[in-house]
Each structure stands twice: as C-alpha cells, then as structure tokens.
Amino acid sequence: NTGTVFQMKQHTFFVVLLFVLVLLTLLTFSQISHISFLFPFHTAPTLPSNALTSSHLSITPPPSSSVSSSSPTIYLLVFDMWERIVNLRSGFIHLLLLSRALNLTLVKPFIFDAKVSSSRRFPHEFLQHNLPVQTFDTYFNTSSVPTLYTPLVPYSQWATHSSTFIHHPEYRLVSTISVLVVFQWNKEPSKLMDVDNLIYFCDDDQDANNIAKYVNKIGQFKALSQHVVVERIVCIDGHFVSRKDSHKGIQSAQHNLLLKLIEMAQNNGFRSDPSQPISIAFANHRKHAFQSYLHEISKRDREFVSSLVRLGDTPIQFAKRIIANEFGKNENFVAIHFRVGMAMTRTQHIDQTGEYLLYWATQCISNLSEIAKQHYPQLNRIYLASDLYNNGMKGGEFPSTLETRLALEKIKAFIGQELNEPVILQLSRVVTSDDEVSDSMGIASLTDMAVSVFATGFVSARDSFSRFVDAERHFIGKHSQIIKCPWSLTDAQDYLKHNTSVPKPNAPLLSQPLQKYRERD
C-alpha cells in the first residue's frame with residue numbers, strides 16, 4: 001500500500017509538472033504570437049477591412065528634439081476649433097502628428113454642429129440641454145490610432161488623472177489644466193517683441209482677445225467650468241504660429257511653441273502641484289495654425305494617419321439605412337454633390353439680387369447631371385448631397401437678402417427638374433430614439449458623405465467634400481468623377497454688367513441668419 005501511495009504521489013507530481021510546463025510554453029508563445037483565442041487580453045486591434053497598415057506606409061520617427069518617451073504623461077486638449085467636417089478632420093490629424101512628434105497624449109474632443117465647439121466643451125454642457133454627449137468618434141472612427149500611431153484617450157481618463165481638491169471657496173474635486181493657450185488672431189499682442197517672447201502670460205490681461213469668453217472664476221481660481229480649473233493662461237500671436245518656415249528641415253513655429261510650453265511646465269513654470277500631470281489646452285485652434293505644419297509632414301506619413309481617421313460607425317449606419325430604404329439591396333444609384341453656400345457667401349455683396357448665383361448654380365447642376373449621364377448611363381436613380389438641405393449652411397453661410405433666398409428656392413426647383421426628383425436625406429426618417437445624436441448639421445453632412453462613398457457612382461464639383469469622399473471611395477476600389485464649377489467676383493461683375501435683364505442691386509440687406517426669415521416673412 002505504501003508503494004502504491006508513493007506511485008500515486010509521484011504520478012500526481014509529474015502531471016502537475018507537465019501542466020505547468022505546458023502553461024509556461026503557452027504563455028511564452030502567446031507573448032510572441034498574440035494568440036487571441038487563448039489570451040484575449042493580447043487581442044490585436046481590428047482595423048477597418050480597407051484601411052492601410054504600417055506595412056504599406058512608413059512612419060517617420062519622432063524628431064530627436066522630441067520629449068523622451070520615458071517622460072511622464074503630458075496631455076494635449078482642444079476646446080474650440082472652428083473648422084467643420086473635412087477641415088475638422090485635418091485639424092485632428094494635425095494634432096495626432098504633433099502628439100506623436102512630441103510624445104503627447106491627445107484627449108478626444110467633444111463635437112457639436114460639425115465642429116469642436118466652445119459651447120459644448122464638457123459633458124455637462126450636453127446634459128444640461130438634454131443632449132447625448134458626442135465625441136469625435138461620433139463622426140470619425142479612430143479606434144486604430146492608439147495602437148498604430150499615438151496615445152489617444154477619452155476625456156474621462158484625463159479628468160481622473162488630473163483631478164485634485166480645491167479648498168476655496170469650498171471643497172470641490174476638479175481637474176486641472178496646467179496652461180490654457182489662447183491664440184491672438186485679431187491683433188498682434190503689444191507685449192510680443194520677438195520669437196523669444198512669443199509666449200507671454202495673459203492671465204489678467206483685459207485687452208487680450210477671447211480670454212473672458214473661455215475663463216470664469218471659482219473663488220481665487222481661474223476656471224473653464226465648475227469642474228475644470230486653469231493654472232496659467234498664455235497668449236500667442238496666432239499669425240506667427242501659422243507661418244511656414246522657408247528652410248527645409250526646420251520644424252514649424254507651433255512645434256517649437258509646444259516644446260517651449262512643455263519645457264516651462266516641466267520646470268514647474270505652470271503647476272502649483274508637481275505631482276499633477278502636465279495638461280496643455282488650446283482654446284481657439286484654427287486651420288491657420290496647422291496648415292503650414294501639415295505641409296512640412298511627408299506625404300506618406302499624412303496618408304498613413306489619414307487612413308486611421310475614417311468615417312465613423314454612426315454616419316455609416318445611417319447611410320446603410322437610407323440605401324436600404326430608398327434603393328434596396330441590389331439597386332445601383334449615382335450620388336451627386338453640389339455645394340452652393342461658398343459661392344453665395346463670396347459673391348452676394350455684389351449680387352444682392354441673386355441673379356448671378358442662380359445662373360452659376362443652374363450651369364453647375366446641368367454639368368453635373370450631364371457627367372452623370374455620360375459615365376453612368378444605366379443608372380436612373382440619383383442621391384443628392386447638398387448644403388441646401390439639413391441646415392447645411394448653419395454657422396456662417398446664409399443669404400443676406402430676400403432675393404438671394406428666393407434664388408435658393410429657384411435652385412431647389414431646378415434641381416428637382418434636372419435630376420428627376422433625386423433622393424435627399426431626411427434625418428427624421430433615419431435617426432431613431434435609440435440613436436445617440438446631438439446635432440443635425442454635422443450628422444447630415446457625414447451621412448451624405450457615407451452615402452456618396454457607397455454609391456455606385458459619384459459626381460461632384462471640386463471641393464473639400466469631394467476630396468474626402470473620393471479618398472474614401474479609393475480605399476474600397478471605387479472611382480469618382482470630379483469636375484470644376486468655377487465662380488469668381490470677376491465673373492459675377494461681368495455677368496451682372498452685361499445681362500440687361502438684371503435689376504440694380506438695391507435689395508435690402510438682412511442682418512439675421514436664414515432661420516430668422518420666417519419672422520420677417
């Protein structure tokens with residue numbers, strides 16, 4: 001019996017030893033191969049099926065002047081970026097490029113009405129209006145960015161990491177921004193003398209533009225909200241930051257600006273509590289600040305990062321609903337894009353009757369229709385994506401006279417005749433009560449883009465919308481037909497001068513946006 005017991009213990013020992021050896025082997029193998037079905041915590045990120053990967057495009061390493069990768073976390077936030085849709089995406093890509101170059105952790109911004117809005121900077125500003133909280137991911141898919149390019153975190157992670165108690169006027173848990181950067185676009189600050197003095201503190205500068213717009217007071221603290229306080233505020237000449245260096249290889253002014261801000265923050269120039277992470281926030285970021293920087297980045301790097309910022313799941317989901325409801329699963333169709341707001345805004349001060357706008361628009365629509373017939377003769381169904389609908393001109397482009405508004409209505413009527421009553425997005429027929437959507441303008445524009453991407457054919461005048469859609473269609477092997485519909489002040493002047501049927505531009509100017517017309521009527 002003793003021998004039997006010994007043999008059983010020996011057998012058990014070898015079984016346990018074998019199990020341990022097998023487990024160690026699998027663990028080692030999982031570290032090498034990332035076997036997701038065995039070890040789900042090693043699961044590799046799922047890329048969009050048509051996304052580029054690092055094997056297709058090289059990524060330039062961060063410059064040698066960048067912050068060391070061993071440095072503590074430094075956050076970069078943006079609270080106001082007055083760029084919409086395509087320019088918004090370009091600005092976000094610029095922030096990704098900056099973050100990688102300087103080893104920063106970018107915080108996902110909130111988004112409303114097609115932009116990073118100063119009125120919707122924080123979650124509670126959505127909730128106060130009974131709106132779902134929208135982040136950048138509502139518009140664009142960025143799920144692959146953290147793994148393949150640079151750290152990208154949700155606001156909640158930053159808010160938790162940077163939280164602290166303040167004691168005056170009451171005990172309150174807040175998140176702390178080390179430095180708020182306010183770009184001076186309207187005038188050159190008088191305190192700015194040269195490059196070395198590019199950054200200057202303007203916490204109490206009443207003359208600095210836009211300070212009061214962003215910062216309030218909580219007792220002795222400067223605050224962006226009841227839950228976010230600011231240690232210091234710096235003002236910067238935005239026009240200097242946006243300059244493009246003429247010397248090849250020299251980093252942009254904004255790159256050097258951030259390096260200087262980081263250096264100052266690391267030397268405790270901003271933080272009262274050194275244990276807090278460094279957080280740099282842009283108050284009023286504009287495309288002027290990043291256009292030159294984007295040109296300094298290699299085309300291959302820009303293309304790689306662009307491949308990681310694709311159409312979001314929400315507009316794609318809405319687009320699929322529209323296609324299923326209007327065209328069915330197997331019916332082919334052509335999408336036509338027509339933008340009128342830009343031409344209207346730039347010419348209406350001399351075209352107050354709207355006659356030139358009507359002439360230009362009907363010519364452009366006719367050309368788009370003809371191109372569609374030439375390249376897609378078998379397609380009879382048309383989807384129209386246009387800023388004429390779904391508040392597409394909200395935020396700066398609106399008719400300044402009653403006559404211009406009437407011209408827009410005539411353009412809509414012409415579209416119905418020329419394009420044989422095309423399908424036009426109606427968000428109320430697409431968005432359900434279960435969809436977490438806060439705005440109509442941005443979602444409508446992105447949904448128009450998504451439908452255009454999936455369409456059998458796509459025809460458009462050349463603009464930022466068409467460039468983005470064309471790039472997305474290229475990813476999935478579809479071609480586009482992009483034409484020019486040129487307009488200019490000179491053309492408008494010549495047309496109005498030689499067309500004797502056009503009355504003199506004596507129509508009354510309107511001081512209110514389009515939504516106020518009903519009150520005037």
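In this predicted model, His337 of strand E13 stands opposite Ser460 in strand E16. Looking the other way, His337 also stands opposite Ala385, this time in E14. So much for one residue; the strand that carries it is worth a closer look. E13 takes in residues 334-338, and five of its five residues are buried. The cover comes from both sides: Val334, Ile336 and Phe338 are buried on one face, while Ala335 and His337 are buried on the other.

The pairing of E13 with its neighbours goes like this. Five bridges tie E13 to E14, and the two run parallel. Four bridges tie E13 to E16 (residues 457-461), again in parallel. Strands in a sheet generally pair through backbone hydrogen bonds, and the pairing can be parallel or antiparallel. Moving outward from E16, three bridges link that strand to E17, also parallel. One pair here is Ala461 with its bridge partner Ile483 in E17.

Put together, these strands belong to an open five-stranded sheet with the order E15-E14-E13-E16-E17 and parallel pairing. The edges are E15 (423-424) and E17 (481-483), each of which pairs on one side only.

Helices come next, beginning with the one laid over the sheet. H15 lies across E13, E14 and E16, and runs at about 145° to E14. H15 (441-454) also meets another helix: the buried residues of H11 pack against H15 and against strand E14 (382-386).

H11 itself is well behaved in its geometry. With 14 residues (313-326) at 1.5 Å a residue, H11 should span 20 Å, and its end C-alpha atoms are 20 Å apart, which agrees. Its buried residues are Thr314, Pro315, Phe318, Ala319, Ile322 and Ile323. Viewed down the axis of H11, these buried residues fall within an arc of 165°, so they line one face of the helix. The spacing fits a simple rule: an α-helix has 3.6 residues a turn, so residues three or four places apart point the same way. On the other side of H11, Asp313 and Lys320 are exposed. After H11 comes Gly328, with a positive phi near 75°.

H17 (residues 489-498) can be read in a similar way. Here Ala492, Tyr495 and Leu496 are buried. They cover an arc of only 95° around the axis, which puts them on the same side of H17. Lys497 and His498, on the other side of H17, are exposed. As for what the buried residues of H17 pack against, that is helix H13 (355-375).

Zooming out to the whole chain, there are 18 helices and 17 strands. The chain has 521 residues, of which 48% count as buried. Among contacts between residues at least 6 apart in sequence, 78% join residues at least 24 apart. The chain exposes about 26200 Å², with carbon and sulfur atoms supplying 52% of that area.

How values were computed: Residues numbered from 1 in each chain as written. Predicted model: local features only at pLDDT ≥ 70, side-chain atom pairs only at ≥ 80, totals over all residues. Heavy atoms only, no water. Buried < 20%, exposed > 50% of the residue type's maximum accessible area, 1.4 Å probe, protein only. Contact = heavy atoms within 4.5 Å. Areas by Shrake-Rupley, 256 points an atom, 1.4 Å probe, with all protein chains shown as cover. Expected span 1.5 Å × (residues − 1). Arc of directions from axis to C-beta. Pairing = 2+ DSSP bridges. Axes fitted to C-alpha atoms, helices over the stretch in contact; angles between N-to-C directions.
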